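The following dialogue examines how structural terms are applied to a protein. Each answer sets a value against a definition.

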Amino acid sequence: MKNKASIFFLAIAGIFLLASSQAGAEPTQTVAEITVYKDKSCGCCGGWIDHLRAEGFRVIAKDHTNMPEIKANFGVSRNLQSCHTAVVNGYVVEGHVPAADIKRLLREKPDVLGLSSPGMPQKSPGMQPEGLPPKDYDVLSFDHKGKVELFQRY
Ligand SMILES: [Cu+2]
């Protein structure tokens, strides 16, 4: 009887293992899940979301009517602000930051609040056709004390 029970248990455990390995197959191809807050009339925000998806991010886009409030809540000071505000693995990403920099952020895990590309850089993902290299602007890191540093120069 005891043997039968353990065989039954092993079979159940096997089914769960199989199910979880199949469920885990998709996230290995996904870089990370990122939530993007934006105004619904923002076109370049959609362009940036397309860029993130092309680069392997799973994007949850949320339209919000009060973006200044979102930015204030996430600690994005006025001088760092752009259009959309995103959150990925606890980090804040403000504006047209290239996916490559977000991947580096997630890899290096610096002690910062997040990254920002202030304003609307013309040669940035979402602002120019997808696939063109980012050019002529900076990606900054910032922390909760207001310290801002250069993260990447394009
Ligand atoms: Cu924009």
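Q: Which residue in strand 7 does Val139 stand opposite?
A: Val139 faces Gln152 in strand 7. This is a predicted model, in which local features need pLDDT of at least 70, side-chain atom pairs count only at pLDDT 80 or more, and totals for chains, interfaces and linings use all residues. Residues are numbered from 1 along each chain as its sequence is written.

Q: What makes strand 6 and strand 7 a pair?
A: Two strands pair if DSSP finds at least two bridges between them. Strand 6 (residues 138-142) and strand 7 (residues 148-153) have 5 bridges in the antiparallel sense, so the definition of a pair is met. The two strands form a hairpin with 5 residues between them, and Gly146 in the turn has a positive phi of about 95°.

Q: How many helices and strands does the protein have?
A: The protein has 4 helices and 7 strands. Helices (H or I, at least four residues) and strands (E, at least two) are DSSP runs, numbered from the N terminus. Along the sequence they follow the pattern α-β-α-β-α-β-β-α-β-β-β.

Q: In which sense do strand 1 and strand 2 pair?
A: Strand 1 (residues 33-38) and strand 2 (residues 58-63) pair in the parallel sense over 6 bridges. The chain crosses between them through helix 2 (residues 43-54), and this β-α-β crossover is right-handed. That term applies if, with the strands pointing away from the viewer, the path from the first strand over the helix to the second runs clockwise. Within the pair, Thr35 stands opposite Ile60 in strand 2.

Q: Why does Val93 count as buried or exposed?
A: A residue is buried if 20 or more other C-beta atoms, placed from the backbone, lie within 10 Å of its own, exposed if 12 or fewer, and partly exposed in between. Val93 has 28 C-beta neighbours inside 10 Å and therefore counts as buried. Val93 is found in strand 4 (residues 91-95). Of the 154 residues of the protein, 32% count as buried.

Q: Is Asn89 buried or exposed, and what count decides this?
A: Asn89 has 11 other C-beta atoms within 10 Å and is therefore exposed. Asn89 lies in the loop between strand 3 (85-88) and strand 4. Although Asn89 is not a glycine, its phi is positive, about 45°.

Q: What makes Asp136 exposed?
A: Asp136 has 10 other C-beta atoms within 10 Å, so it is exposed. Asp136 is found in the loop between strand 5 (114-117) and strand 6.
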